[in-house]
Amino acid sequence: MFEYLNGIVAFKRPEYSGIDVNGIGYKVYTSLKTYDKISVGEKVKIYIYNYIKEDTFKLVGFLEEGERELFEMLIGVSGVGLSLALAILSTFSMNDLREIVLNEDYKTLKKVPKLGEKKSQQVIIDLKSKIKKLNLLSIEGFEEKSNINLIEDELYLALEALGYSKKEIDKLISPEEIREFTNIEDAIKGVLKKIQKRS
């Protein structure tokens, strides 16, 4: 099985690209976002998902390991296969999809062709607990807003583990206060100080 390919983009098409590795050409299926980022003649490192189903064996490629992990989550959803998973990743960036799932925004998600409302809701249900753990820090163009969201998510998870409900956490700290923290450790310390003052 392939972990990654390190080679030259021999040609590219919206559905798949040809990656030349030491004279051997590999047909690699990609999302449209990956298609846009690679150029013919460019040397690339493509992380591979080996898609094997019955008599089908396809190589699916990603520029980021996190995107490959997200793809694996998507095809693990009932009714979502290779084509639909790539359509989702072609429509939304990793960070956008993360926000859609965490906000349970199935109306935006169902804009993906052939996804539909029920399947959009299923994707959100299946991915919500998993996607929080996905490391998005390596995404090109990762913005400060995303870092704030990550701190907020981790803070809520940490406080929920201590027995606080979401409603109680909302009363303890506001989104504006969370934006003042640069890392999760400081955020937790800040909230714990507020709890000590109130008690």
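Beyond its close sequence neighbours, up to four places away, Ser120 touches Tyr106, Leu109, Lys110 and Leu115. The model in which these contacts are found is a predicted one. Ser120 belongs to helix H6, which spans residues 117–131. Its relative accessibility is 0%, and because buried means under 20% relative accessible area, Ser120 counts as buried.

The side chain of Ser120 also takes part in polar contacts. The backbone oxygen of Gly116 lies 2.6 Å from the side chain of Ser120. A polar atom of the same serine side chain, that of Ser120, is 3.4 Å from the backbone nitrogen of Lys110. Lys110 is thus named twice, being also one of the residues that Ser120 touches.

A second element to consider is helix H4, formed by residues 94–102. Eight of its nine residues are buried, so H4 is largely enclosed by the rest of the structure. The buried residues of H4 include the nonpolar-named positions Met94, Leu97, Ile100, Val101 and Leu102, and among them are also Asn95, Arg98 and Glu99. After H4 comes Glu104, which has a positive phi, near 55 degrees.

The surface offers another view. Met1, Phe2, Ile52 and Phe57 make a nonpolar surface patch of about 450 Å². Within this patch, Phe2 is placed in the segment before strand E1, which covers residues 4–12. Phe2 has a relative accessible area of 30% and is therefore partly exposed, whereas Ser120 in helix H6 is buried at 0% relative accessibility.

Technical notes:
Residues are numbered from 1 along each chain as its sequence is written. This is a predicted model: local features need pLDDT of at least 70, side-chain atom pairs count only at pLDDT 80 or more; totals for chains, interfaces and linings use all residues. Side-chain values use heavy atoms; hydrogens and water are left out. Helices (H or I, at least four residues) and strands (E, at least two) are DSSP runs, numbered from the N terminus. Buried means under 20% relative accessible area, exposed over 50%, partly exposed in between (1.4 Å probe, protein chains only). A polar contact is a pair of N or O atoms within 3.5 Å; within protein, one must be able to donate a hydrogen and the other to accept it, and residues adjacent in sequence count only if both atoms are side-chain atoms. Contact means heavy atoms within 4.5 Å. Patches are made of residues with over 30% relative accessible area and no salt bridge: like charges are joined within 9 Å, nonpolar side chains (Val, Leu, Ile, Met, Phe, Trp, Tyr) within 5 Å. Accessible areas come from the Shrake-Rupley method with a 1.4 Å probe; for residues, only the protein chains shown count as cover. A salt bridge is a side-chain nitrogen of Lys or Arg within 4 Å of a carboxyl oxygen of Asp or Glu.
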